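Here are some short exercises to help you find your way around a new structure. Try each task yourself before you read the solution.

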Amino acid sequence: MKRFHISIAVDDFAASVADYSKRLGADPCVVAEDRYALWRTDILNFSISKKPGQQAGIVRHIGFEDNAAKEFSESTDVNGITWEYFSKEAQEKEIREKFGNK
């Protein structure tokens with residue numbers, strides 16, 4: 001399975017989780033309280049994060065979750081946007097390393 005991935009920065013974490021849960025018709029599958037949330041739908045891998053000094057509403061990075069990905073990789077496109085390519089397992093490992101067991 002291949003899902004498009006987009007990660008955006010937020011300011012009000014709780015309001016953002018509520019809003020995006022309603023828009024996506026699902027609760028997040030991963031939540032690191034007041035810092036990170038992830039939703040997986042049939043076509044989308046969507047995450048939000050709140051970090052000090054990070055401007056809300058910006059795209060942090062985009063890419064693809066793909067079961068065929070052998071390892072996590074990233075590159076920057078001609079417009080300076082970071083693209084990530086990863087498997088579900090690689091993303092889950094990264095989340096555990098950054099936020100602990102979730």
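**Exercise 1. Locate Ser87 and decide whether it is buried or exposed.**

Start with the chain: Ser87 sits in the loop between strand 7 and helix 2. Keep in mind that you're looking at a predicted model.

Next, check the surface. The relative accessible area of Ser87 is 9%. The cut-off for buried is under 20%, so Ser87 counts as buried.

Finally, look for its neighbours. Leaving out residues up to four places away in sequence, Ser87 touches Glu65, Asp66 and Ala69.

**Exercise 2. Check the length of helix 2, then work out which side of it is covered.**

Step one is the length. Helix 2 covers residues 88-99, which makes 12 residues. At 1.5 Å a residue they should span 16 Å, and the end C-alpha atoms are indeed 16 Å apart, so the two values agree.

Step two is to pick out the buried residues, which are Gln91, Ile95 and Phe99 in helix 2. These three cover an arc of only 40° around the axis, so they lie on the same side of helix 2. There's a general pattern behind this: an α-helix has 3.6 residues a turn, so residues three or four places apart point the same way.

Step three is to turn to the other side of helix 2, where Glu89 and Glu97 are exposed.

Step four is to ask what does the covering. The elements over the buried residues of helix 2 include strand 1 (2-9), strand 2 (30-32), strand 3 (36-40), strand 4 (44-49), strand 5 (59-66) and strand 7 (82-86).

To finish, look just past the helix: Gly100 follows helix 2, and its phi is positive, near 90°.

**Exercise 3. Trace how strand 2, strand 3 and strand 4 are joined.**

Begin with strand 2 and strand 3. They pair in the antiparallel sense over 3 bridges, and Ala32 stands opposite Tyr36 in strand 3. The two strands form a hairpin with 3 residues between them, and Asp34 in that turn has a positive phi of about 60°.

Now move along to strand 4. Strand 3 and strand 4 run antiparallel and are joined by 5 bridges. In strand 4, Ser47 is the bridge partner of Leu38. Here too there's a hairpin, with 3 residues linking strand 3 to strand 4.

Then look for another partner of strand 4. Strand 1 runs parallel to strand 4, with 6 bridges between them. As a landmark, find Phe4 opposite Leu44 in strand 4.

**Exercise 4. Sort the residues of strand 3 and strand 4 by the way they point, and say whether they are buried or exposed.**

First, the rule to use: in a regular strand the side chains alternate between the two faces of the sheet.

Apply it to strand 3. Tyr36, Leu38 and Arg40 are on one side, while Ala37 and Trp39 are on the other, and all of them are buried. That fits the count for strand 3, where 5 of 5 residues are buried.

Do likewise for strand 4. Leu44, Phe46 and Ile48 point one way, Asn45, Ser47 and Ser49 point the other way, and all are buried. The tally for strand 4 is 6 buried residues of 6.

**Exercise 5. Classify Phe64 and list what it touches.**

Phe64 is in strand 5. Its relative accessibility is 28%, so Phe64 counts as partly exposed.

For the contacts, skip residues up to four places away in sequence. Phe64 then touches Lys2, Arg3, Phe4, His5, Trp83, Glu84, Tyr85 and Phe86.

**Exercise 6. Find the largest pocket and the element that gives the most to its lining.**

The largest pocket has a volume of about 250 Å³. It is lined by 18 residues, and the closest to its centre are Tyr36, Arg60, His61, Lys98 and Phe99. The elements that give two or more residues to this lining are strand 1, strand 4, strand 5, strand 7 and helix 2. Helix 2 gives the most, with 5 residues.

Terms used:
Residues are numbered from 1 along each chain as its sequence is written. This is a predicted model: local features need pLDDT of at least 70, side-chain atom pairs count only at pLDDT 80 or more; totals for chains, interfaces and linings use all residues. Side-chain values use heavy atoms; hydrogens and water are left out. Helices (H or I, at least four residues) and strands (E, at least two) are DSSP runs, numbered from the N terminus. The expected span of a helix is 1.5 Å times one less than its number of residues. Buried means under 20% relative accessible area, exposed over 50%, partly exposed in between (1.4 Å probe, protein chains only). The arc is that of the directions from the helix axis to the C-beta atoms. Contact means heavy atoms within 4.5 Å. Two strands pair if DSSP finds at least two bridges between them. On a 1 Å grid over the protein atoms alone, a cavity is a set of points where a 1.4 Å probe fits but cannot get out, and a pocket is an open set with protein on both sides within 12 Å along at least five of seven lines; lining residues have an atom within 4 Å of a point. Grid points are joined across faces, edges and corners, and a volume is the space filled by probe spheres set on the points.
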